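I opened this notebook to record what I looked up about cysteines, strand pairing, the nonpolar core and the cavities. The entries follow in the order in which I checked them.

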Amino acid sequence: MAGLATSSAEMDLDRPNIDEYLTVESIREAPKKLHLRDLLDISPTLKEAAGAIVDDSFTRCFKSNPSEPWNWNIYLFPLWCLGVVIRYGILFPFRVIILVAGWIVFFAAFSLVHFLLGEHNKWKREIERKLVEMICSVFVASWTAVIKYHGPRPSMRPQQVFVANHTSMIDFIILEQMTAFAVIMQKHPGWVGFIQKIIVESLGCIWFNRTEAKDREIVARKLREHIQGVDNNPLLIFPEGTCVNNHYTVMFKKGAFELGCAVCPVAIKYNKIFVDAFWNSKKQSFTMHLVQLMTSWAVVCDVWYLEPQYIRPGETPIEFAERVQEMISVRAGLKKVPWDGYLKYFRPSPKLIERKQQIFAESVLQRLEEK
């Protein structure tokens with residue numbers, strides 16, 4: 001008992017003594033001085049603070065994390081400079097030559113097949129499919145990519161859809177070089193849009209525009225039609241709807257999970273040892289993103305084709321989507337978060353945030369001056 005009393009006394013010593021910081025009078029008077037208007041004054045501040053916490057955990061999913069510098073001492077810096085000369089002066093021009101040569105061969109063959117063979121010719125579809133796989137392999141070679149594929153190669157059969165986490169548009173290229181997928185993808189401007197319209201459309205891809213509400217109904221109808229076709233290319237969907245920085249997976253949209261067919265998860269994980277493959281479309285054009293990849297030593301990536309999944313009895317499409325998201329996250333070593341990736345496109349501008357911060361600072365200073 002004496003031992004227990006001693007330990008209890010020691011615990012009491014560790015507890016902070018409130019009387020040392022506040023007098024008894026102030027403690028008794030505090031509730032009398034607290035008014036409703038004081039609580040109302042701080043409620044917007046608490047709301048802003050909670051919003052900032054949520055926003056911070058959301059923006060982490062879309063931040064480019066720069067690699068730590070390693071050329072910080074006198075004998076590593078010359079090696080780094082030599083690496084820059086090799087990457088930009090030797091590897092980059094050589095890779096550009098490979099890419100240009102690949103495009104020349106591709107355009108020559110694709111144009112002949114596309115315009116000379118009939119619209120519903122079986123050989124035309126097969127040759128175009130192989131040509132798209134070839135040009136994607138050329139892209140992968142231009143990054144000196146080291147890609148490991150795990151699991152059985154996707155087969156062409158109806159009533160199935162493939163879903164994958166999304167880090168960059170190169171996800172499509174990496175998967176396409178092995179299997180000619182038809183993909184659901186946002187419309188892009190520039191040369192990417194030209195490739196989408198003329199070339200990738202031959203695979204039976206489905207395009208959408210985020211700003212068009214009617215596109216959702218059209219896309220949903222086309223998805224159901226596509227998975228019924230026996231000769232259609234396997235359908236690939238990125239259910240996150242946006243590029244995430246390969247540390248997280250954001251909420252999967254339920255569209256791919258309410259089709260009533262097999263859902264085949266694909267997990268993609270990039271190793272940042274040489275370059276970060278995340279494409280931050282708000283800060284970098286896709287052209288500059290490709291230049292960044294082509295001036296690195298290599299792109300290192302693992303791709304896992306997981307077991308097909310079916311919706312369980314009593315399971316909703318949303319719960320099904322969360323289950324598949326969990327599978328992909330665990331396999332690729334990513335953190336699953338519940339945020340909707342579309343919020344990335346509807347966030348307030350930095351100027352508006354700075355203005356709100358300024359207003360809050362002015363209100364705090366004003367209250368301090370009044371007291």
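I began with Cys-136, which is buried at a relative accessible area of 5%, where buried means under 20% relative accessible area, exposed over 50% and partly exposed in between, with a 1.4 Å probe and protein chains only. I noted that the model is predicted, that local features need pLDDT of at least 70 and side-chain atom pairs pLDDT 80 or more, while totals for chains, interfaces and linings use all residues. Residues are numbered from 1 along each chain as its sequence is written, and side-chain values use heavy atoms, with hydrogens and water left out.

I then turned to Cys-301, which also counts as buried, with 1% relative accessibility. I looked for disulfides, taken as pairs of cysteine sulfur atoms within 2.5 Å, and the structure holds zero.

Next I asked which residues stand opposite Cys-301 in the neighbouring strands. Its bridge partner is Ile-147 on one side of the pairing list, and Tyr-270 stands opposite Cys-301 as well. Strands here are DSSP runs of E with at least two residues, helices are runs of H or I with at least four, and both are numbered from the N terminus; two strands pair if DSSP finds at least two bridges between them. Strand β8 (residues 300-305) pairs with β1 (residues 146-150) in the parallel sense over five bridges, and with β7 (residues 262-271) in the antiparallel sense over six. Five of the six residues of β8 are buried, so this strand is largely enclosed by the rest of the structure.

I went on to strand β3 (residues 182-186), in which four of five residues are buried. β3 pairs with β5 (residues 235-237) in the parallel sense over two bridges, and Val-183 stands opposite Leu-236 there.

For the interior, I looked up the largest nonpolar core, a set of buried Ala, Val, Leu, Ile, Met, Phe, Trp, Tyr and Cys residues joined through side-chain atoms within 4.5 Å. This core has 48 residues, and those with the most contacts inside it are Trp-143, Ile-170 and Leu-175. Among the elements that each supply at least two of its residues are α4 (76-116), α5 (122-142), β3, β7 and β8. The largest share, seven residues, comes from α5.
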